[in-house]
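This report is intended for a reader meeting the structure for the first time. It should be read with the sequence and the model in view.

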Amino acid sequence: MQQTFEKVAILDAGTQFAKLIDRMVRELNFFSELLPLETSAYKLKEEGYKAVIITGGPNSVNNNDAPNYDPDIFRASIPVLGICYGMQMLNKEFNGTVVKKEVREDAAMCIDVDESNPLFKGLKKSQEVLLTHGDSIDKVGDGLKVIGRSSNCIAAICNEKHSLYGVQFHPEVKLTRNGRKIVENFLVGISGLTGSYALPCRMTSCIEHIKQIVGTKKVLVLLSGGVDSTVCAALLRKALEPEQIHAVHIDNGFMRKNESQQVIESLDKLGLKVHLESADKCFMNSHTLLENGVKTPLLCKTTDPESKRKIIGDTFVIVAERVISKLNLDRNEVLLCQGTLRPDLIESASHLATNGLASTIKTHHNDTNLVRKLREEKRVVEPLKDFHKDEVRAIGRDLGLPEHLTERHPFPGPGLAIRVLCADTPYIEADYGETEVLAKLVVQYKELLARKHALLNRIENNTSEADRENLIKASGSAKYNATLLPIRTVGVQGDHRSYSYCVGISCETDPNWEHLKFFARIIPQVCHSINRIVFIFGNLVQNPVHDITKTTLTPLVLATLRQADYLANQVLSSAGCTKNLSQMPVVLLPVHFDRSPLKPVPSSARAVALRPFITDDFMTGEFALPGKDIPIETVQKMVSEILTVNGVTRVLYDITSKPPGTTEWE
């Protein structure tokens, strides 16, 4: 007899976090299904769904092309929780208004909630949550009341009588500290569900999936040495006969120092015989066709990050086909196995993970056009595509893989190629001057407040009174400067991709890192065209930076980054701090600091940025705070070692959370 469960419907409005909601609900022992936003109230009632969660999304409820939905879902006597965009839908449906305010919020911050409301039962009044939105509720809808506020916006609403609830924040992410409890309150206390569903074993599900997809065919598994592809290989060995599996490591020329050799040796210890395919020249001189039919430049001459990613992803497929031929395998009888994870598909806006409403944040190398074509031909097996990084690590532990493999820091398939910010011209738009002034206003707020600076109203309009009091304290504690860098980095804001400025903060003395963290939250709130903030080690940066060092993927450029990356990771490992972090990208920037405007010399040197990052699922996360997550002495040692690399003028430390900054810079 088939067991039945109380079902929760998750209506997807295009958020990056839909699978996180689904995962949270299932881990709370409730059966959930992701459904299109336009799913009718009739279907929800007919198929017996007991609660509805509406996700966030990148659209505005005020747009003429806003996604369609059935308004009767709010009148179907089914409890509803609207998240972000879902809350705005709820409010507008009951004659409330939603407006685009000058202030936007893209960070973890504290809100006040009505702790007597059933949604917040058992919680304190002050709650730390992730807010990431541009639109906000202005007029509250009929029959709805406010049950949560941030310093700038309405953060939660409800109609208790009809079990309709909305939150502007994201309870499904770890940056919302009590998000799990809030979702549980909705499902149990408000919806009356009992939670009798049990998650199936992830490892068993993967093995069954592989057997079903592969059958008697052979598999070429692409191994980078990272946890994802290594877990894939271990799963293949559990599911298939040895003669069905062919393991290959493709050296694309963008690996870290001694990386390929270490990968082969570590996998050999697991009993995996791996074919090494050297393809550095093939990658460097490759190109591809974009969706619009335009051919890209050669990779070695490409500066656009999306083009770089697409060229590399397609070239992996081309080289894999070459390996199949080398091994005398029948192309029609071979499947390609890769360690694709759910965040890869979400950020690439793949139809496997989204419903067509999501924005592309960045194209992952395992979801390019040629990969999608292979999927259409049913020639790809991706057993981990429904999981996040922490789930994959758990599968690896269940498989008995050694800790040094399951806990290894991720390294992107495109390798160092996407950790070199390539550019041939500085990025200086019409708003450059004003944006830099606003950033300076934040870090020099106390001084410029006394001078009654003309743009102080921009700070006042985008911050709370408490924020401004903290700004006076932080900016008055030391002499800070903000320098807008003429480069662009990729970010994610309000479920949209951003490709915007980076600002560097320098200090006359050793900085207070808590103050820097506060600046990093306020600056994007005030300057919407900034999505990344870094601290610049060394003396106060006095001169503006209006030029860049022309940079492409040349052997010298890659050698510079490779050595800086090696030195930084050696220090981290020697200090025993690798486990403290989830990842630490080391990025080469085309920025030459400390050139005197009085004695102009060509921009010829570069800078290196460290991105020590802490996360579980890689959908959201925070920078590692020196003095708390990583010893300040270790950070200083990394900086001094990197400065020994020829051609590096300054070292920067990325202090951006995700959102608004992605983990990688490109």
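## Glu93 and its surroundings

Setting aside residues up to four places away in sequence, Glu93 touches Tyr69, Pro71, Phe74 and Arg75. Glu93 itself belongs to helix α3, which covers residues 85-93. The model is a predicted one. In it, Glu93 has a relative accessibility of 19% and therefore counts as buried, since the term applies under 20%.

## The largest cavity

Rolling a probe the size of a water molecule over the atoms shows where empty space is left. In this model the count comes to 5 cavities of 30 Å³ or more. The largest cavity holds about 790 Å³ of space. Its lining is made up of 45 residues, and those nearest the centre are Asp228, His365, Phe411, Pro412 and Gly413. Two or more lining residues are given by each of the elements α6 (227-239), β11 (245-251), α9 (305-326) and α10 (342-347).

Helix α9 provides the largest share of this lining, with 4 residues. By character, the lining of the largest cavity divides into 18 nonpolar, 16 polar and 11 charged residues.

## The second largest cavity

The second largest cavity contains about 100 Å³ of space. Among the residues that line the second largest cavity are Gln16, Phe17, Thr132, Glu347 and Ile361. Further along the chain, the lining includes Val492, Gly494, Asp495, Met619, Lys658 and Pro659. This lining divides into 5 nonpolar, 3 polar and 3 charged residues.

## A parallel sheet

Strands of a sheet pair through backbone hydrogen bonds, either parallel or antiparallel. Here, 5 strands form an open sheet with parallel pairing, in the order β12-β11-β10-β13-β14. The edges are formed by β12 (274-278) and β14 (380-381), each of which pairs on one side only.

Within the sheet, strand β10 (residues 218-222) runs parallel to β11 and is joined to it by 4 bridges. Val219 stands opposite Ile245, a residue of β11. Strand β11 also appears among the elements that give two or more residues to the lining of the largest cavity.

## Helix α14

Helix α14 spans residues 432-443 and has 12 residues. From its first C-alpha to its last, α14 reaches 17 Å, close to the 16 Å expected at 1.5 Å a residue.

Which residues of α14 are buried? They are Tyr432, Thr435, Glu436, Leu438, Ala439, Leu441, Val442 and Val443.

How values were computed. Residues numbered from 1 in each chain as written. Predicted model: local features only at pLDDT ≥ 70, side-chain atom pairs only at ≥ 80, totals over all residues. Heavy atoms only, no water. Buried < 20%, exposed > 50% of the residue type's maximum accessible area, 1.4 Å probe, protein only. Contact = heavy atoms within 4.5 Å. 1 Å grid on protein atoms, 1.4 Å probe; cavity = no way out; pocket = protein on both sides within 12 Å on 5 of 7 lines; lining within 4 Å. Points joined across faces, edges and corners; volume = space filled by probe spheres on them. Nonpolar A, V, L, I, M, F, W, Y, C, P; charged D, E, K, R; others polar. Expected span 1.5 Å × (residues − 1). Pairing = 2+ DSSP bridges.
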